[in-house]
Amino acid sequence: KINDKWSLFEVPTITGNMLKHCHFVGFVDYFKETNFRQNLTERALRYNAVRFGKGERDKKADGKEVKLDDESTIVENFADADIHGFLVPETGVRRVSLVKTSFLLPTEDFIREVEGERLISAVKHNRVDVNEKGAIGRGEETAQMVITREYASGLYGFSMVLDLGLVGVPQAMPIKNANKNQLNVTIDDAERKERIKCALKALIPMFSGYLGANLSRSFPAIKV
């Protein structure tokens, strides 16, 4: 609402699913460097975040097959499924992701400041094709053209929840001892700490602009 009037702005956004996938990639990269690197799905090594496909078994990073009939077993063997959730269609076993992310949106205050201005601008780039010697040729030897790319600029914000208290804890049975209110942790403390650390460190490439398309042309200017 601006000047007591409601205004509708069309703005470029990034979906929460995309941000969640960026976190997934960062988590996999960091977890691969730990002593528990085998406890990833085989497809996570290719940054494929589908957990799980058809079938009642799936492979770990070391090739070992695991039955997908129990949440505790899946959480114990697959760190990416523990942090980012899963659904096994064949057995009906499901886990809600511990990472929940909103859309990346322009902030309301920023929209007020730029009322009437476009958040998207078109920039012309010169595309040059060089020859075998690395030189710009003439005539039909090489191609040269002007292309236009659109860029979005502005102050953006998003919110994220990392429910790391449930790392290694099956959601179907989170309490081991009701009287003592003791969590039912299915992995040892050393691996649990590494999973939590990697989930937090996965935010670093998200905030630093390490991930994204066209970084050679449009590396973001950000302040955390």
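In this predicted model, helix α5 covers residues 189-201, and its length can be checked with simple arithmetic. At 1.5 Å a residue, its 13 residues should span 18 Å, and the C-alpha atoms at the two ends are indeed 18 Å apart, so expectation and model agree. At the N-terminal end, α5 is capped by Asp 188, which places a side-chain oxygen 3.2 Å from the backbone nitrogen of Ala 190.

Which residues of α5 are buried? They are Glu 191, Arg 192, Arg 195, Cys 198 and Ala 199. Because these residues cover an arc of only 130 degrees around the axis, they lie on the same side of α5. The face turned away from this buried side carries Asp 189 and Lys 193, both exposed. The cover over the buried residues of α5 includes the helices α1 (16-31), α2 (71-77), α3 (79-84) and α6 (203-208), along with the strands β10 (160-162) and β12 (182-183).

Attention now turns to the nonpolar cores. The largest one has 17 residues, among which Phe 27, Phe 31, Leu 40 and Ile 83 touch the most other members. Helices α1, α3 and α5 each supply at least two residues of this core, and the largest share, five residues, comes from α1. A second, separate core has nine residues, including Val 66, Phe 78, Ala 81 and Phe 86.

Phe 31 links these themes nicely. Neighbours within four places in sequence aside, Phe 31 is in contact with Glu 191, Glu 194, Arg 195 and Cys 198, and also with Phe 36, Arg 37, Asn 39, Leu 40 and Ala 79. Of these partners, Glu 191, Arg 195 and Cys 198 are among the buried residues of α5.

Definitions and conventions: Residues numbered from 1 in each chain as written. Predicted model: local features only at pLDDT ≥ 70, side-chain atom pairs only at ≥ 80, totals over all residues. Heavy atoms only, no water. Helix = DSSP H or I, 4+ residues; strand = E, 2+ residues; numbered from the N terminus. Expected span 1.5 Å × (residues − 1). Buried < 20%, exposed > 50% of the residue type's maximum accessible area, 1.4 Å probe, protein only. Arc of directions from axis to C-beta. Contact = heavy atoms within 4.5 Å. Polar contact = N/O pair within 3.5 Å; in protein donor to acceptor, adjacent residues only side chain to side chain. Core = buried A, V, L, I, M, F, W, Y, C linked by side-chain atoms within 4.5 Å.
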